[in-house]
Amino acid sequence: MGCFVYLIFGSSKDVTVGPTAIMALMVQKYVTDLGEDLAVLMCFLSGVVITILGVLHLGFLVDFISMPVICGFSNAAAIIIATSQLGTLLGIKGRSDSFIDSISKVVNHINETQPWDTVLGVCSMVVLVLFKKLPGKKLGTPFEKFMWLISLARNAIVVMVGTLIAYVLYSHEIKPFQITGNITAGLPSFSLPPFTVVNGNRTYTFADAVGELGSGILSIPLIAILESIAIAKAFAKGKALDANQEMLALGLCNICGSFVRSMPVTGSFTRTAVNNASGVKTPMSGVITGALVLLACGLLTSTFKFIPKATLAAVIIIAMFYMFETHIFVVLWRTKKIDLVPLIVTLLCCLAVGLEYGMIAGIAVNLILLLYFAARPGLLIEERIVDGLTVLFVSPKQSLSFPAAEYLRERVMSWCDKRPISLPVIVEGRHVLRIDATVAKNLALLLSDLTARNQNIILWNWCEDARQTLISYDPSLATYCSSSSSITQIFRRDRDMLIEPIELPP
């Protein structure tokens, strides 16, 4: 359903909307506890939330989630998904609910490892890696094109070969490894989403179901939006992307999908990458994808029975291996080391507590850092000797807002307290594009403090907007403002004598 709806409302030719590993991971706990109806209800509610955000043009909110947080989340998701398949790869039965649970299950049941499942899984992983490295080209010799096609279809080839091996062995009553088992054939009927959920002997009303979903009602739509928009931006290749339109399309994909028993869906990086590598030109490629899926669900489900679980685990683990971004740690270390903090916090919290809580923790750390740097802006404070006159030169390196107002005043006064003599103070504002009333108030207080100490202050080279804010707060500040970019009036008070204006060095 997502493929067909995105064709109408989507704006990216490459994006393929459907189930993804991250969405499955986030919905799994609800399905485990209360059944698949809750996943369908979550699909509907996610669609409603995303659509409302798109209609209200709130796509800019995505910009408040930084790249380190997104990378920490995606890396944690890759680790969780890969480790959840370790038991299956080794033939160990049972599910795992978290990263810690996956590791402990493998450690505690390592003696239950099935050799043939392990052999098949490891061989599948080796083949997948080798196929990915085949030297093929889309535009090359026939042999290079063939190699490119094999590399592109490596997942399908490995699964089909594994299925063929399992079918032949099971036909001869040889059962060396676990297979997927029966999958119900056919397509779901068109019906309303389940607003009441029945699980066992208990019936959950809509309010009860919403209560069971809890924070997932917001976290799952948020992750779906991030995943889809991040993918669309990655493949935009210089073209403008309307985040609000993408949110509207994704929301409608989920709403419509809930009427045909869909789980929450979003853009898939792997399928989108295959789409892009295949050279698609329009979103019509989604129709081909959707049609093939419908045919497979209607005609091939009996074949799915023989897919070895170890092979599927190998496909997922290798996909997650290439999804894990190790280079981001090096990039952040080289560029801005402080950005490693939200990345590591997000990664560790996602692994220890859960994906949604990890994302919240990462965003919280990001906002704390953002507020900290707003409250503690960079300040250049130094003494300069100009034509024999020593002045205290103060230059904020960014715009000033109310959290930084008192900090600026304290830093200047602290510097002045350390000097045995009273120096004229120049506060340069070339980097300050805006200020608020609190900053204007503290600058007025700074003027009063310095005047009481028999020191003069000049506000030099402030932009017109900042000057107007200062003058509107206190008209007397106009006397101390200089808009000249090269000349500053520095007054050194010696009884009633004034020193001539001097030129500051650049």
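I take buried to mean under 20% relative accessible area. At 2%, Ser 228 therefore counts as buried. The model I am reading is a predicted one.

**Entry 1: Ser 228**

I placed Ser 228 in helix H11, which runs over residues 216–234. I then asked which residues Ser 228 is in contact with, leaving aside its neighbours within four places in sequence. The list I got is Glu 246, Leu 250, Thr 266 and Gly 267.

**Entry 2: the whole chain**

I went back to the overall picture and found 22 helices and eleven strands in the protein. The radius of gyration came out at 31 Å, while the globule rule gives 23 Å for 506 residues, so the protein is more spread out than a compact globule. I looked up the span of the C-alpha trace along the principal axes as well, and it is about 110 × 55 × 50 Å.

Of the 506 residues, 43% are buried. The protein exposes about 26,000 Å², and 65% of that comes from carbon and sulfur atoms. For contacts between residues at least 6 apart in sequence, I noted that 75% join residues at least 24 apart. I also looked up the charges: there are 39 positive and 35 negative ones, and their mean positions are 8 Å apart.

**Entry 3: aromatic rings**

How many aromatic pairs does a search of the whole structure find? I have eight written down. One of them is Tyr 372 with Phe 373, an edge-to-face pair with 5.5 Å centre to centre and 75° between the planes. I checked the accessibility of both partners. Tyr 372 is partly exposed at 49%, and Phe 373 is partly exposed at 38%.

I also found a cluster in which ring pairs link Phe 44, Phe 195 and Phe 206.

**Entry 4: Phe 44**

I followed Phe 44 from that cluster and found it in helix H3. Is Phe 44 buried or exposed? Its relative accessible area is 17%, so I put Phe 44 down as buried. Not counting residues up to four places away in sequence, Phe 44 touches Pro 193, Phe 195, Asn 254, Ile 255 and Ser 258. Phe 195 is thus on the contact list of Phe 44 and is also a member of the ring cluster. I looked up one distance here: Phe 44 and Ser 191 are 147 residues apart along the chain, and their C-alpha atoms are separated by 12 Å.

**Entry 5: positive phi**

Most residues other than glycine have a negative phi. I therefore wrote down two residues with a positive value, beginning with His 57, whose phi is about 55°. His 57 lies in the loop between helix H3 (36–55) and helix H4 (67–84). With a relative accessible area of 52%, His 57 is exposed.

The other residue I wrote down is Glu 173, with phi near 60°. Where does Glu 173 lie? I found Glu 173 in the loop between helix H9 (154–171) and strand S2 (197–199). Its relative accessibility is 62%, which counts as exposed.

**Entry 6: Val 161**

I stayed with helix H9 and looked up Val 161, which is found there. Val 161 is partly exposed, with a relative accessible area of 44%. From Val 161 to Phe 393 I count 232 residues along the chain, and their C-alpha atoms are separated by 74 Å.

**Entry 7: two buried loop residues**

I found Ser 401 in the loop between strand S6 (389–396) and helix H20 (402–417). Ser 401 counts as buried, at 14% relative accessibility. Which residues does Ser 401 touch, not counting those up to four places away in sequence? I noted Ala 374, Arg 434, Asp 436 and Val 439. Pro 308 is 93 residues from Ser 401 in sequence, and the two are 60 Å apart in space, C-alpha to C-alpha.

Asn 456 I placed in the loop between helix H21 (437–452) and strand S8 (457–460). Its relative accessible area is 13%, so Asn 456 is buried. I also looked up Arg 430, which is 26 residues from Asn 456 along the chain; their C-alpha atoms are separated by 20 Å.

Technical notes. Residues are numbered from 1 along each chain as its sequence is written. This is a predicted model: local features need pLDDT of at least 70, side-chain atom pairs count only at pLDDT 80 or more; totals for chains, interfaces and linings use all residues. Side-chain values use heavy atoms; hydrogens and water are left out. Helices (H or I, at least four residues) and strands (E, at least two) are DSSP runs, numbered from the N terminus. The radius of gyration is taken over C-alpha atoms; the globule rule is 2.2 Å times the number of residues to the power 0.38. Buried means under 20% relative accessible area, exposed over 50%, partly exposed in between (1.4 Å probe, protein chains only). Contact means heavy atoms within 4.5 Å. Accessible areas come from the Shrake-Rupley method with a 1.4 Å probe; for residues, only the protein chains shown count as cover. Lys and Arg count as positive and Asp and Glu as negative; His and the chain ends are not counted. The place of a charge is taken as NZ of Lys, CZ of Arg, CG of Asp or CD of Glu. Rings of Phe, Tyr and Trp (its six-membered ring) pair if their centres lie within 6.5 Å; planes under 30 degrees apart count as stacked, over 60 as edge-to-face and the rest as tilted.
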